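Colleague: I should like a close look at one part of this protein, with enough of the surrounding architecture to place it. Please take me through it in connected prose.

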Amino acid sequence: MKLYAHPFSSYCQKVLTALYENDIQFEYRVLSADDTETMAEFGRLWPLQRFPVLVDAGQTIREATIIVEHLEIHHPGPTRLIPSDPGAALEVRFLDRFFDNYVSTPQQKIVFDSIRPEGERDRYGVREAQGMLDSAYRWLDEAMAGRQWAAGDAFSLADCAAAPALFYADWTHPIDPALDRVHGYRRRLLARASFSRAVEEARPYRRLFPLGAPDRD
Ligand SMILES: N[C@@H](CCC(=O)N[C@@H](CS)C(=O)NCC(=O)O)C(=O)O
């Protein structure tokens with residue numbers, strides 16, 4: 001298997017967390033502007049040029065969630081990232097969508113806006129994104145009552161999505177300190193060996209964070 005990815009990318013960390021969780025072996029094709037060969041391969045695989053992309057037995061799989069679903073089908077391990085019970089699986093998939101759509105998407109909006117040329121910035125859109133993050137944080141604080149992981153007692157796809165989403169979102173638009181359950185959950189995610197490994201691999205790239213990476217985590 002080949003994974004086209006970059007260690008500092010949140011969606012790549014989502015997939016890396018799933019791979020490390022089950023100790024799945026793969027060839028890491030790190031995307032770098034200097035490596036024109038890998039970039040060209042990647043561009044042919046996915047002209048939309050969003051990463052990560054996985055190639056497994058000649059099949060190209062795009063979108064982080066679909067890659068994790070693929071791993072569950074073809075490379076299952078001791079950590080079942082999607083429950084076999086269909087009702088429980090729906091809750092996991094819902095929370096995966098929650099973290100992608102309502103945490104990662106507004107977080108990326110704020111970061112990408114900050115690197116637009118002066119005069120091309122979208123202040124209204126950034127305020128909307130900040131409002132969405134505040135609503136998502138508040139909702140999550142309620143939802144996490146009595147839960148260790150996003151969907152309950154078991155680590156899942158939803159936690160693979162949550163880990164990088166909350167990691168970068170708190171850097172971008174800090175989580176209200178009063179939201180203890182969200183902070184506690186973010187700390188548990190950072191302590192999870194699979195995600196912690198992804199965070200350590202990305203540490204050398206922190207200078208790339210456009211808003212300036214805080215001196216923590
Ligand atoms: N919906 C995609 C999102 C992937 C995504 O946004 N990846 C970012 C890196 S975290 C990317 O490709 N950025 C390149 C760009 O914006 O040009 C997924 O779930 O895989």
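The part chosen is helix 2 together with the loop that follows it, and the rest of the chain is described around them.

Modeller: The model is a predicted one, and the values given here were computed from it. Helix 2 spans residues 36-45, and Thr38, Glu41, Phe42, Gly43 and Leu45 are its buried residues. The cover over these buried residues includes four strands: strand 1 (2-5), strand 2 (27-30), strand 3 (53-56) and strand 4 (59-62). Glu41, although it carries an acidic side chain, is thus listed among the buried positions of the helix.

The loop between helix 2 and strand 3 holds proline 52, and a cis peptide bond joins this proline to phenylalanine 51, with omega at about 15°. Glutamine 49 is found in the loop between helix 2 and strand 3 as well. Its backbone has a positive phi of about 55°, although glutamine 49 is not a glycine. With a relative accessibility of 39%, glutamine 49 counts as partly exposed.

Beyond strand 3, the loop that leads to strand 4 contains alanine 57. Alanine 57 also has a positive phi, of about 50°, without being a glycine. The relative accessible area of alanine 57 is 80%, so this residue is exposed, the cut-off being over 50%.

These elements belong to a chain with 8 helices and 4 strands. In sequence order the pattern is β-α-β-α-β-β-α-α-α-α-α-α. The radius of gyration is 17 Å, close to the 17 Å that the globule rule gives for 217 residues, so the chain is as compact as a globular protein of that length. Along the principal axes, the C-alpha atoms fill a box of roughly 50 × 45 × 30 Å. Of the 217 residues, 49% are buried. Among contacts between residues at least 6 apart in sequence, 67% join residues at least 24 apart.

The surface and the charges can be described in similar terms. The chain exposes about 10,800 Å², and carbon and sulfur atoms supply 52% of that area. There are 26 positive and 32 negative side chains, and the centres of the two sets lie 2 Å apart.

One acidic residue outside the chosen part may be set beside Glu41. Aspartate 113 has its place in helix 4 (residues 86-114). Its relative accessibility is 6%, so aspartate 113 counts as buried, the cut-off being under 20%. Apart from neighbours within four places in sequence, aspartate 113 is in contact with Arg121, Asp122 and Val126.

For bench work, the cysteines deserve a word. A disulfide is a covalent bond between the sulfur atoms of two cysteines. A search of the whole structure finds 0 disulfides. Cysteine 12 is in none, and the nearest cysteine sulfur, that of cysteine 160, is 13 Å away. Cysteine 160 likewise is in no disulfide, its nearest cysteine sulfur being that of cysteine 12 at 13 Å. The pair is not counted as a disulfide because the sulfur atoms would have to be within 2.5 Å. Cysteine 12 is buried, at 0% relative accessibility, and cysteine 160 is buried with a relative accessible area of 0%.

Methods. Residues are numbered from 1 along each chain as its sequence is written. This is a predicted model: local features need pLDDT of at least 70, side-chain atom pairs count only at pLDDT 80 or more; totals for chains, interfaces and linings use all residues. Side-chain values use heavy atoms; hydrogens and water are left out. Buried means under 20% relative accessible area, exposed over 50%, partly exposed in between (1.4 Å probe, protein chains only). Helices (H or I, at least four residues) and strands (E, at least two) are DSSP runs, numbered from the N terminus. The radius of gyration is taken over C-alpha atoms; the globule rule is 2.2 Å times the number of residues to the power 0.38. Contact means heavy atoms within 4.5 Å. Accessible areas come from the Shrake-Rupley method with a 1.4 Å probe; for residues, only the protein chains shown count as cover. The place of a charge is taken as NZ of Lys, CZ of Arg, CG of Asp or CD of Glu.
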